[in-house]
Amino acid sequence: MDLVAAVPGVAHHELSEYSDRMELIRTERTYLANPFNPISWTLASVVSTVTVIVLLGSVRPVLALLPLVGLPAAVANGRADVSLENLLDAQAEDNRRLRHLLELATEPPAAKEVRLLGLGREIVERHGALFAQLERARVRLATRNTAGVVAAWMVFGAGYAGAVLWSMHLARTGAISAGSVLLVLSLGAQMNMQLAELGWNVAWLIRTYRAVGRLVWLSDFAAEAKANADPPARRPVPAVLRQGIAFDSVSFAYPGTDRPVLHRVDLSLPQGATVAVVGENGAGKTTLAKLLVRLYEPTSGRISVDGTDLRSFDIEEWRARISAGFQDFARFELVARESIGVGFVPDMASSAKVGAALARGAAEDLVEVLPDGLATQLGREFDGTELSIGQWQKIALGRAMMRESPLVLLLDEPTASLDAPTEHQLFERFAGAARQVADAHGGVTILVSHRFSTVCMADLIVVLDGGAIQELGSHDQLMARGGRYAELYRLQASGYC
Ligand SMILES: Nc1ncnc2c1ncn2[C@@H]1O[C@H](COP(=O)(O)OP(=O)(O)OP(=O)(O)O)[C@@H](O)[C@H]1O
Ligand SMILES: [Mg+2]
């Protein structure tokens, strides 16, 4: 948790190589609980094997070689384990798919659709088919491995029988005592156990080594991601925005893809401005917002704040000056005060500050419907109060409003789930919040919305289409232009009964 949370961006979540390794770390984390156990157990196995060898050698030196005939068995065991590990590595992606199907069938988010669409059987069958396919490969490998291991143990069995027969022969000729025959008999049998144990312990050691290796990989990955985000020459984030934020020929493709989602975007957001971003689904509005908060870095071009490249700021210092609410907001199932207050942890304990944030987000009425007010536990999972989607969105809006002096107030579809009176109230408050942001520090408010009744109040409207800027201007300018914005605006306005 610590390592993953330390990575500054989110790009890695989209790389299947990363997800596969995380899946293996998750499933094999028990090996990390005490990595010293397999080391000490392997040492113990070696010590007891050596003791047995010495005892056998004391009967007749050549008997000390008996463990050598057990070596093929130990090697076969070790090999079997490594090949199984390799297979599990190769199956990591399919195992993630299995987990996804399991979650679809058993977790709340998909429960309604699974039932209404009668998908239960379909999901179970898909899960079963995939599981059987993976299991077949594992069984095939295990069968092949077992054949090798059995053959190797037969070699040991033959050697053991030979040693016992030979020592009986020696006893009959009087060269060794009957006690020595018993010693060979019991030590040989013990050797069998010990070699098997040595094999398990070595396999345990190898698995632990691999699990630790993956953890070290994650640790290096987190350190490298942090180092990459660290600016070569650090510049302070300005206290007050004097010019504004500029996108200079910014292009972007999501990691692992080569399809550009933003193409050479040139955009200037003047200080103190309220900017609305509109465009069809998939136009790149959220992507633009994500680049601004540095969840991703542009593939080419640069974003600058008062002329300073965004990459020159310490990423945490920059984020400390951003208030953001995203369309796919998270549900923090904490008590209401905390679920809102995590927007600015230092003020989380203050009911007054949390209340003020709710008011800025036009969500203060929410407290009245919560049985214990701000102390109400949210979410059914912990016997708390479940909220409607719009109420959860109000919590998210309150959270976004916790910081009092951001340089950027970013709201991505903040009203999608809100009722009309709340939406109306919210826009008035937004205007207030935006003005406050502008007056205090010259901050910029960016509003991504499909609702033109909100959008028209912005100082600047950006129309995105297919990842490029199609139109730019104020509501009046764009209406006078009679282009795409005017078309969309009229379409929406005429859509009302
Ligand atoms: N994590 C991702 N990985 C790869 N491609 C993505 C990812 N997120 C979005 N995209 C792609 O980027 C494009 C722009 O997506 P974006 O989320 O910016 O659109 P949007 O304008 O916010 O749309 P909407 O109005 O639906 O919210 C889409 O074509 C989408 O398929
Ligand atoms: Mg979006």
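# A tour from the mixed sheet to the ligand

Begin by selecting strand 3 (residues 274-279) together with strand 8 (residues 444-448), which run parallel and are joined by four bridges. In this predicted model, Thr 274 is the residue to centre on, since across from Thr 274 stands Thr 445 of strand 8.

Widen the selection to the sheet that holds this pair: six strands in the order 6-7-8-3-9-10 make up an open sheet, and their pairing is mixed. At its edges are strand 6 (322-325) and strand 10 (468-473), each of which pairs on one side only. If you look along the sheet, neighbouring strands are turned against each other by 15° on average, with direction ignored.

Now add helix 14 (residues 389-400), which packs on this sheet and touches strand 6 and strand 7 (408-412). The direction of helix 14 makes about 170° with that of strand 6. Then turn to helix 18 (residues 484-494), which lies across strand 9 (460-465) and strand 10 and runs at about 95° to strand 9.

Keep strand 9 and strand 10 on screen and hide the helices. These two strands run antiparallel and are joined by five bridges; within the pair, Val 462 has Leu 472 in strand 10 as its bridge partner. Strand 9 and strand 10 form a hairpin with two residues between the strands, and in this hairpin Gly 466 takes a positive phi near 55°.

The next selection is an open sheet of four strands, ordered 2-1-4-5 and paired in the antiparallel sense. Strand 2 (260-270) and strand 5 (308-309) are its edge strands, and because each has a single partner strand, one side of each is left without a neighbour in the sheet. To examine one of these edges in detail, select strand 4 (residues 300-305) with strand 5: they pair antiparallel over two bridges, and Ser 304 has Asp 309 in strand 5 as its bridge partner.

From here, move to ligand 1 and display its surroundings. Which residues are closest among the 13 that surround ligand 1? They are Tyr 254, Asn 281, Lys 285, Thr 286 and Thr 287. Colouring the shell around ligand 1 by class gives three nonpolar, eight polar and two charged residues. Helix 9 (residues 285-292) gives the most to this shell, with three residues.

Stay with helix 9 and ask how many of its eight residues are buried. The count is seven, so described because a residue is called buried when 20 or more other C-beta atoms lie within 10 Å of its own. The buried residues of helix 9 are Lys 285, Thr 287, Leu 288, Ala 289, Lys 290, Leu 291 and Leu 292; Lys 285 and Thr 287 are also among the residues closest to ligand 1. Step past the end of the helix to Arg 294, which follows helix 9 and has a positive phi, near 60°.

Finally, zoom out to the whole chain and colour it by the domain assignment, which gives domain 1 (2-229) and domain 2 (244-494). The C-alpha centres of domain 1 and domain 2 lie 50 Å apart. To inspect where the domains meet, select the contact residues, seven from domain 1 and seven from domain 2. On the side of domain 1 that touches domain 2, the residues divide into five nonpolar, one polar and one charged.

Notes
Residues numbered from 1 in each chain as written. Chains lettered and ligands numbered in written order. Predicted model: local features only at pLDDT ≥ 70, side-chain atom pairs only at ≥ 80, totals over all residues. Near = placed C-beta within 6 Å. Nonpolar A, V, L, I, M, F, W, Y, C, P; charged D, E, K, R; others polar. Pairing = 2+ DSSP bridges. Axes fitted to C-alpha atoms, helices over the stretch in contact; angles between N-to-C directions. Contact = placed C-beta atoms within 7 Å. Domains from an automatic or database assignment. Buried ≥ 20, exposed ≤ 12 C-beta atoms within 10 Å, placed from the backbone.
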